[in-house]
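Hi everyone, thanks for making room for me today. I'd like to walk you through one chain, from a pair of strands up to the whole fold and back down to one helix. Let me put it on the screen.

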Amino acid sequence: MKINVIRGTHQFGGNAVKVTSDSGSAIVLDFGAEFAVNGGRAIVAEGITAGKPGVLGVLISHSHKDHAGLIHTILPGVPVYMDRIAGRIYRTYSEVTGRPEAAAAGKMKALPPLGGKIEFGDITVTPFLSDHGTYRSEMFLAEADGKRLLYTGDFRLHGLLRSELLSGLGSLRGTVDLLITEATCAGRGDEYSTYVPSERTLEKSVLEFLGKSPVILFCSIINIDRIAGLSGLVKDKGGRVFVSWAEKRVIDEAVKDDAPPAAFYQNLSIPETYDSSLFADIGKGDLIFTSSFEDFRILSGMIPSAELVFTEWPGNLAHMNSAFREDPRFHVMHVSGHAHPAELREFAEFLLPRAVLPVHTSSPEKCAELLEGFRVLPLQDGEDFSL
Ligand SMILES: [Zn+2]
Ligand SMILES: [Zn+2]
């Protein structure tokens, strides 16, 4: 089995990893758009975006654009796969946000549900549940030539699905030849987890605010896990949950399924869409989600009693003017979607892989330090590694 990281050994965002069996069957794991700060470059790859189709499938781990955002550049003869519901959510998200890959997202094929397998020539892939905040983020186990690799996509161990993630992977312990892990936070130092809250800490803080006032909470339109978790807690306390039409459309894709969704997601059927007439009687205990900077600003003016909670990456605050950010009601509570440094170590010790390849990181050497005692591969983009 041969591994080639097309992009991602020395940057986060824009992941693509090619896996080829000894007989020549090939797949690609993720095909993400690069962040603008890194140049926003396309991927030009023979057999994937150029020439004749040379891979049997591109598998998308989750619905973030830095993992799925270049699927529209893939050759028409190369099928793209994703979890069935996550794929619908991605198509809707792409449509409501006007992203160029919306049409390609509508044509994606469905991966088998958790517990199932799918074959690409002599490569067998098994999806596993991850925890990253987006609905049904997945890790992929790829097996061929008597070897096993696990690709994590993006994940964390401080989210709402930690125990489901770990219990799902329990049978793989000590059996994985190569762990291709995201290592976004590898360079952030051990103290990182002491000042970045977990999802549970965020929920506790929001509930405290809701005890005295309404809350307007900014989070990504596809952070459905956060919306589901908080919706359930608010509903239990008799509060109301509102989203805009855009979030509502995306959430509806998660709950309209014929198969019963996991209990965790059943809370999602609650949110109502908001309009200005709703806010006359808004009060403590009511929670309004928004993923629009414009709506966040407008809503904050319409509901002067509301606390304002911003939960996304603080770097995105550049979109908001400083007067808004200085409002005493404004709180930044960013919960990372990525494994903290200590969690990268914890995960490696849990899985006990024979070798580790960090991707989705600008600090692969820091990851090697964190994982002292493990064999950590120093690979470059485009370099072949034989497993
Ligand atoms: Zn990512
Ligand atoms: Zn992600």
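Let's begin with strand 1, residues 2-7, and strand 19: the two run antiparallel and three bridges join them. If you'd like a residue to click on, take N4, which stands opposite D384 in strand 19. Before I go on, please keep in mind that this is a predicted model.

So where does that pair sit? It belongs to an open sheet of seven strands, with the order 6-5-4-3-2-1-19 and mixed pairing. Which strands are at the edges? Those are strand 6, at 109-110, and strand 19, at 384-386, and each of them pairs on one side only.

Now let's zoom out. In the chain we count 12 helices and 19 strands. Along its principal axes, the C-alpha trace spans about 65 × 45 × 40 Å. For 387 residues, a compact globule would have a radius of gyration near 21 Å, and the chain has 21 Å, so the two agree. Buried residues make up 49% of the 387 residues. And for those of you who like contact maps: of the contacts with a separation of 6 or more, 69% are between residues 24 or more positions apart.

How is the chain divided? Domain 1 takes 2-189 + 338-386, and domain 2 takes 197-332. Their C-alpha centres lie 29 Å apart. The contact between them draws 14 residues from domain 1 and 15 residues from domain 2. On the domain 1 side, the residues touching domain 2 divide into seven nonpolar, six polar and one charged.

My last stop is helix 7, residues 224-236. With 13 residues, this helix reaches 18 Å from its first C-alpha to its last, close to the 18 Å expected at 1.5 Å a residue. Which of its residues are buried? Quite a list: I224, D225, R226, I227, A228, G229, L230, S231 and V234. And what do these buried residues of helix 7 pack against? Their partners are helix 6 (199-210), strand 13 (241-243), helix 8 (245-255) and strand 15 (287-290). One more backbone detail for the torsion fans: helix 7 is followed by G238, whose phi is positive, near 85°.

That's my tour. I'm happy to rotate the view or go back to any part you'd like to see again.

Conventions
Residues numbered from 1 in each chain as written. Chains lettered and ligands numbered in written order. Predicted model: local features only at pLDDT ≥ 70, side-chain atom pairs only at ≥ 80, totals over all residues. Domains from an automatic or database assignment. Contact = placed C-beta atoms within 7 Å. Nonpolar A, V, L, I, M, F, W, Y, C, P; charged D, E, K, R; others polar. Pairing = 2+ DSSP bridges. Helix = DSSP H or I, 4+ residues; strand = E, 2+ residues; numbered from the N terminus. Rg over C-alpha atoms; globule rule 2.2 N^0.38 Å. Buried ≥ 20, exposed ≤ 12 C-beta atoms within 10 Å, placed from the backbone. Expected span 1.5 Å × (residues − 1).
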